[in-house]
Amino acid sequence: MKLAIIGTGYIGLVGAAVFADWGNEVIGIDIDLKKIERIKSGDMPIYEPGLSELVLNNISAKRLDFTTSLPKGIKDAEVVFICVGTPQGDDGSANLNYVWSVAKEIGENLDEYKVIVVKSTVPVGTNERVKEIIKENLKNNVRFDVVSNPEFLREGSSIEDMQNTDRTVVGYDSERALKVMRKLYSSIESPLVECDLRSAELIKYASNAFLATKISFINEIAQLCEKAGANVQTVAKGMGLDKRIGNHFLNAGLGYGGSCFPKDVAALYKTSTDMAYDFKLLRSVMEVNHRQRINYVKKIEYSFGKNLSGKTVACLGLAFKNNTDDIRESVAIKTIRIIRGLGAKIKVYDPQAVENAKNDLGLSNVEYTKNAYDCVKNADALCILTEWEEFKLLDYKKVKSLMKGSKIFDGRNLLKQDEVEKLGFEYFAIGKISNGLDILDEERPVYAILRNGRRQKNK
Ligand SMILES: NC(=O)c1ccc[n+]([C@@H]2O[C@H](COP(=O)([O-])OP(=O)(O)OC[C@H]3O[C@@H](n4cnc5c(N)ncnc54)[C@H](O)[C@@H]3O)[C@@H](O)[C@H]2O)c1
């Protein structure tokens, strides 16, 4: 089939490459000339495992091309995907300006029947409005249909996710469009959820909000574990083996971040408020998420006698998750900002996200290093902020010898507590009792575990 993909960001570029790999003829369209030139020259504007090879293979097989011209790009396409960004607006709602502008341009350039597919994450009612805008801007009396086809892939494993998706959601209001979508996804074995436009739009938000809720829930349990002298990883394992609960998204940490969860949870909350529904649970999910990183920083602060001024804190991780260079709404960066604000000198390292982070964090009181060992050199404390496999595999004996201090604050529960404690580190994780007792404070655990394993009530 002939496809056009408007917006070649994280979703559009991966989508274009995967659809082409399935044998379709795909053209990716973006207003960003530099981005299009980079992609065409084989230099991917984003880091995503396997993406470069997939794009280059399909360009050489003449199934994939890119342009900055929307009229040229959509001309021969049977299906046109809208994959532009829908960032968070000031009031929490999704900013739909990019979607509206693309809909207008599609309307102005439509000259034969096409299926217009909205893949961007958009609030309830958006697909209907896209249809109206296209109609208002048509120059010819041509037919078209609008389909909602939200995307569920995760950055860092997006190619694999798209090829082996759990389900594909197709919201439609025309049998003709549904037939086209069924043909497009005919090679996919997982279920096709065929439904009305509004339900499709809500499936996406409800899914992300539910996953964010799971994360905030286990983070609340983690706080309780620290007070009660329990281990959140053990609790999560015991919970996750129950098939009704499942073991995914039960990793306690610094809270959710990234370009999707924070904005989608906020947008769903705004949608419900606009519809005069007080979605109390979502409000708590957002509050808990915010509190999680504050609690983490408090732990660091208390361990240094509530004074971080002049301390050097090595931070491993800048990306919002592993295997990506994306720093949008990265909790690692938000956490670094707080620690820096408390007077600490920051050293950072990330395998992929350093360049993006420089634009965001700037250079004030931050030293960007070339590898993890340079990062930890002479540091008073080490913070693990992103769950890169590389950080798990470091030689911690060497890390210990390079550091000035011996505290590790593992914000992702990445390391094995016994192993690092044996090396002489004071290890502070999330939802586990650490071997350091110096963090005891009126706000800290009710119980603390003494090094001999006995529990002591905090006075
Ligand atoms: N990133 C994810 O993991 C993910 C997952 C699921 C869904 N989504 C959703 O997919 C959508 C896109 O997200 P993303 O992360 O790919 O965004 P992105 O910012 O990486 O990419 C958007 C692209 O659209 C381009 N663009 C903007 N206006 C344009 C126009 N008028 N014509 C052509 N191109 C235009 C931009 O230049 C940019 O390259 C969002 O709604 C997002 O919520 C993202």
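Let me start in a loop. N95 is found in the loop between β4 and α5. This is a predicted model, so keep that in mind throughout. Buried or exposed, where does N95 fall? It is partly exposed, because 16 other C-beta atoms lie within 10 Å, and buried would take 20 or more. Leave out residues up to four places away in sequence, and N95 touches T86, P87, Q88 and G89. There is also a long-range approach. N95 and A267 are 172 residues apart along the chain, yet their C-alpha atoms are separated by 9.3 Å.

Next, another loop residue, D76. Its place is between α4, residues 70–74, and β4, residues 79–82. D76 counts as partly exposed, because it has 13 C-beta neighbours inside 10 Å. Exposed would need 12 or fewer. Its partner in space is A4. D76 and A4 are 72 residues apart in sequence, and C-alpha to C-alpha they are 8.5 Å apart.

Now two lysines with backbone angles to look at. Take K62. It is not a glycine, but its phi is positive, about 60 degrees. K62 is in the loop between α3, residues 51–60, and β3, residues 64–67. It counts as exposed, because there are 9 C-beta neighbours inside 10 Å.

Then K306. Again phi is positive, near 60 degrees, in a residue other than glycine. Where is K306 placed? In the loop between α12, residues 280–303, and β9, residues 312–316. K306 has 10 C-beta neighbours inside 10 Å, so K306 also counts as exposed.

On to the ligand. How many residues surround it? The number is 26, and the closest are G7, G9, I11, S120 and T121. Which elements give two or more residues to this shell? They are α1, residues 10–21, and α5, residues 97–109. By class, the shell around the ligand has eleven nonpolar residues, ten polar and five charged.

Let me step back to the domains. The chain is divided into domain 1, 2–195, and domain 2, 285–457. Their centres, taken over C-alpha atoms, are separated by 39 Å. The two domains do make contact. Domain 1 puts in eight residues, and domain 2 puts in seven. What is the make-up of the domain 1 side? Where domain 1 touches domain 2, there are four nonpolar residues, two polar and two charged.

Now the strands of domain 2. Start with β10, residues 345–349. Why call β10 largely enclosed by the rest of the structure? Because four of its five residues are buried.

β10 has a parallel partner in β9, and five bridges join the two. As one example, L316 has Y349 in β10 as its bridge partner. The connection goes through a helix. β9, helix α13, residues 331–341, and β10 make a β-α-β unit, and the unit is right-handed.

β10 also pairs with β11, residues 366–368. Three bridges join β10 to β11, and these strands run parallel too. Here K347 stands opposite E367 in β11. From β10 the chain crosses through helix α14, residues 354–361, to β11. This β-α-β crossover is right-handed.

Further along the chain comes β13, residues 407–410. Which residues sit on its two faces? K407 and F409 are on one side, I408 and D410 on the other. All of them are buried, and both faces of the strand are covered.

What does β13 pair with? Take β12 first, residues 381–384. Four bridges join β12 to β13, and they run parallel. In this pairing, L382 stands opposite I408 in β13. Then there is β14, residues 426–428. β13 and β14 pair in the parallel sense over three bridges. I408 appears again here, standing opposite Y427 in β14. So I408 links to both neighbours in turn: L382 stands opposite I408, and I408 stands opposite Y427.

One last crossover. β13, helix α18, residues 417–422, and β14 make a β-α-β unit. Which hand does it have? It is right-handed.

Note on methods: Residues numbered from 1 in each chain as written. Predicted model: local features only at pLDDT ≥ 70, side-chain atom pairs only at ≥ 80, totals over all residues. Domains from an automatic or database assignment. Nonpolar A, V, L, I, M, F, W, Y, C, P; charged D, E, K, R; others polar. Near = placed C-beta within 6 Å. Pairing = 2+ DSSP bridges. Right-handed = clockwise from strand over helix to strand, strands pointing away.
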